[in-house]
2 protein chains.
Amino acid sequence: MAKEYLDIDTLKYLLYDVHSLEDVLQYERFQDHDLGSVDMFVDSVKEFSDRELFPYFKEMDENPAHYKDGTVMVHKQVDVMMKKGGEMGLIAAPFDYKDGGLQLPSMAYTSTAYILDAANNHLPGYAGLTLGSAELIAHFANEELNATYVPKMLAGEWAGTMCLTEPQAGSSLSDITTKAIPTEGGFYKINGQKIFISGGDTQYAENIIHLVLARIEGAPAGTKGISLFVVPKNRPDTDGNLNYNDVTTVADFQKMGQRGYCTTHLGFGDKDDCRGWLVGEPHQGLKYMFLMMNGARIAVGRGAAAIAMAAYQASLEYANERPQGRKLTSTGKKNPDENQSLIIEHPDVRRMLLLQKAIAEASLSLVLLASRYQDIKQATKDEGERTKYHLLLEMIIPIVKTFPSEAGAVAVNNGVQVLGGYGFCSDFILQQYYRDIRISAIYEGTTGIQSQDLLGRKIAMENGKALELLAAEIMATITAASAYDDLKPYAGMLGAKLKLSQEVLAHLMPFAQKGDYERYLADANLFMEFMSIVVISWLWLDMAIKAKQSLLKGDTKYSEAFYESKIHTMRFYFKYELPKTTGLAESLMNSEVLTIKTNKEVFV
Amino acid sequence: MAKEYLDIDTLKYLLYDVHSLEDVLQYERFQDHDLGSVDMFVDSVKEFSDRELFPYFKEMDENPAHYKDGTVMVHKQVDVMMKKGGEMGLIAAPFDYKDGGLQLPSMAYTSTAYILDAANNHLPGYAGLTLGSAELIAHFANEELNATYVPKMLAGEWAGTMCLTEPQAGSSLSDITTKAIPTEGGFYKINGQKIFISGGDTQYAENIIHLVLARIEGAPAGTKGISLFVVPKNRPDTDGNLNYNDVTTVADFQKMGQRGYCTTHLGFGDKDDCRGWLVGEPHQGLKYMFLMMNGARIAVGRGAAAIAMAAYQASLEYANERPQGRKLTSTGKKNPDENQSLIIEHPDVRRMLLLQKAIAEASLSLVLLASRYQDIKQATKDEGERTKYHLLLEMIIPIVKTFPSEAGAVAVNNGVQVLGGYGFCSDFILQQYYRDIRISAIYEGTTGIQSQDLLGRKIAMENGKALELLAAEIMATITAASAYDDLKPYAGMLGAKLKLSQEVLAHLMPFAQKGDYERYLADANLFMEFMSIVVISWLWLDMAIKAKQSLLKGDTKYSEAFYESKIHTMRFYFKYELPKTTGLAESLMNSEVLTIKTNKEVFV
């Protein structure tokens, strides 16, 4: 195991200095918090993670959660995560005071959840899904459901899950067939099967509250006929006793990674005695679910960003300690009488480490930016400001989910390579990060689905308003960077790529206008990669400006080397990653149609 | 498990039609073979793999090889691979008649080994390393060592290994410290530790013959003082009895993938009774080892190509069977009353499948091309021809090792994504391919080392002669393609990229000329990626020409759809992959120096 799993300085730098939590704390909603109180909370979560999460990371992989006698046996730290995490406010933090929460800004909550993820990505999901499902109840369900479930969930006593996927439907939610039959008793009878349910059952949970998408008898086909139900594993009666609610743990899924985070197959109503309570209005289930989906997608991006960071720390530690090989002399040979170099001295190893650093830190910056947008959107009383940040958030969400997941996997892959043969060995931790992070591009809408969302919905949103707002933010950074001689060339490079993105869209748009959406969206994944690189370059340029300003002011909060390293990493990203947009644009503007099905069989 | 693990038609098409085994069979060395006899051999290996390898692929992962009581317990099919494989000639095939071999062309041998790899990549290494170490003895050792070891090794009765890596040295062979002390008895006493020894011990092997790099007492430091020894686990006496030779299996390495292929830590001479016999001349060990290294590097590329193919087959099968989602209509929405589509009908899934197909098939083509070069080099009696093919082989070897390993991992990653959540689940086979293939970029010289070899040695080889020869081959294909109207545009694209490669080299060369090798080689990995894409585009263009010719001639050996699919996949590679060279060239010609160590600390 490595000694460290994150760079707390960079986390705090991004939270306080780059994305200025202080600005957000000005809003009335957050008036009871200040930088000092947030910082204490962050430190306490780091300390909790050091003690209760990180030391168990490897053993949770080696002793995976597993199905046994109708339940799922998980590691004992799952109980600690839920109960102690609940006590610490790790589930309740972002909730309103009226729901028992702390009204902590999402930026601050996200920072703490990121620490948990980096320490041990197998654990925070149990709390995170409980938070997400409690949020659905708090926002959309009636008072009675709220009072019954939310307090116990926020305390970590009862867990929560989201039940969307069914065996025959996969990502296609319009094909959900789980049934809800109205009764006289104010509840529905639920019947159906759900798969891939994270945290679906554990031996520790007194109760698990499932938020289930189902179709009320007679509802229309497709996504319009889907409703949302609260379906507890055990239903509380008026005296607070729990009665089994006919929710069966059918099996679990054993996985390549994140093996301590259980994934289950649940059956509802095998004995026709499973009761569900409608959340909000009928047929609005998918809408509710998707109103909460941004949080879930930020959480996936955050988790991937954290794994990439932890893997970077582990490979950096190895590179700093491992002697091997020698520097090339001016004859192109090595001198065997010289001492061996540490591998961190080899340019190729430095390239792999800088790539990891560039991806891991920018992924965190991106996740915090999304949280900032979320905070302002939620806290502002200015309608115009709310609309602006709503649109900015919607615009970047698919990238927030996807970039850390996809580029994060590339970063971890480079971390494995830094260790050479040891990277492949189970005694070293890199291979676990490599396996764990692979789920991120699948969770909560695959990269394909996010890319269709980006190009198909977000770009066109409100006649392109969301994209315009994002472009204006990027332009503002380009303008700011141009004021510094040594940042100006990078501002110019980013400006050119932003312009290129418009050319790409000008090439694609006519297909949508003609109604040929299949053609318009066929290469959405490439567009996602293109836009992600532009957005990440923007965030690096922004970080470089702020570091530059600190250097000029002689800030001593962090070392000069710290600020310089941010500028150096920006330059790295601009040299090694930003140019990829050129090739992507070439592909995107190539008119050959090769991936749309025709009568010609191509898979022979 | 999937039903199929390779596309035998494409294998035969590449072997017989594209790379024309027939040409190679004209050489006297191969006169006892003909297309019919080779084809029977290929079919018998496919049948053997279907029966003895593929069915055990998953269980070998789930029950990894493991250290127990001083030996390593491996799956029973290891014994079948060695003994039956030995009987079938799978170890002896490429050897000279005089050494007990079949003088089978390397192209044919490689095709059969590829089938084994695709069926179950945990098994062929046991035979492959036995082949490699027997080859070292056959080529460089004296008659006595030959007679003692080679026949039993070719028969699969005794196994063989290569012992290079030591704990303190890693990839840096100049730091090897294993000692060899001369004795009066014609042997040396060996003392040292070797790690990462593949196939280093099994409960089935009557004897294991280690080819060990060690330093004779008093030898110079660095790579020049290294000698090669035959060190059997048990030494045969003159009566043929085996006596334990003080080779200890200290431990094994548990790994993320290829878990049925054991990796061991061996100790030599713990009790000062380990005898080694010098192979060839003293201090020539590394030279001998590297003369055989091309074979080992082709083998790694072949294995990765095979895993990519097997993963492609498994994800293709899934995509052809799994209904999910619907086609987009002209309003950009889906109609829920329509039947679900098979996922293979979605453009994004087709893109992921075509990418896999493009990488997997071209990787195989590349490996067969290298084998073809090897065959001609070995069989020709024309000195000029021998030099030509020697240089061509040297030139492409680092790419043959690297492209299938790196791009193959990308292909498998896309295979996982085609399955969505199921891709991450242990019940499905994709996740195993994902883990298995990851070692390929590390084995036998990491991608970093291969890239330094390509740019640092091969490009400059014989004053650029090797590169000139390769460029001439590519130009010949460009010229041939230009004769067909519908291939001409692709010929033009490839020509432009070949020219771009010269610009990149013109930018880099001055650094080498000034003796700044660190700078010259700092971005060798990017150059590797650049050249790999150019070479693979060339191979696709070549395949497209041959398919086009068959279509024009009305060949009925394969279906029209089969030939068309080759042209389609070429077009896919040119649209989606070739443009990446533009961005790579941008990075390679960017003059910022960011990865060479200076006094400025960047990892803060």
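Which residue of β11(A) is the bridge partner of A:Ser198? In this predicted model, the partner of A:Ser198 in β11(A) is A:Thr263, and this pair belongs to a wider set of strand pairings around β5(A), which spans residues 188–198 of chain A.

The pairings of β5(A) are set out below.

| Partner of β5(A) | Sense | Bridges |
|---|---|---|
| β4(A), residues 179–182 | antiparallel | four |
| β11(A), residues 263–268 | antiparallel | five |
| β12(A), residues 275–278 | antiparallel | two |

Individual residues can be placed within these pairings: A:Lys179 has A:Asn191 of β5(A) as its bridge partner, while A:Tyr188 stands opposite A:Gly276 in β12(A). The strands β4(A) and β5(A) form a hairpin with five residues between them, and there A:Gly186 takes a positive phi near 85°.

In chain B, helix α10 (residues 293–321) packs with helix α12 (residues 383–418) at an angle of about 25°, their axes lying 8 Å apart. Because angles under 35 degrees count as roughly parallel, α10(B) and α12(B) are described as roughly parallel to each other. Their crossing is left-handed, and the contact between α10(B) and α12(B) comprises 18 nonpolar, six polar and two charged residues.

Between the chains, 83 residues of chain A are in contact with 82 residues of chain B. Several helices of chain A give two or more residues to the side that touches chain B, among them α11 (347–379), α12 (383–418) and α18 (524–553), whereas α19(A) gives the most, with nine residues. By class, that side of chain A has 31 nonpolar, 31 polar and 21 charged residues.

Notes: Residues numbered from 1 in each chain as written. Chains lettered and ligands numbered in written order. Predicted model: local features only at pLDDT ≥ 70, side-chain atom pairs only at ≥ 80, totals over all residues. Axes fitted to C-alpha atoms, helices over the stretch in contact; angles between N-to-C directions. Parallel < 35°, antiparallel > 145°, perpendicular 65-115°, else oblique. Left-handed = near helix turned anticlockwise from the far one by under 90°. Nonpolar A, V, L, I, M, F, W, Y, C, P; charged D, E, K, R; others polar. Contact = placed C-beta atoms within 7 Å. Pairing = 2+ DSSP bridges.
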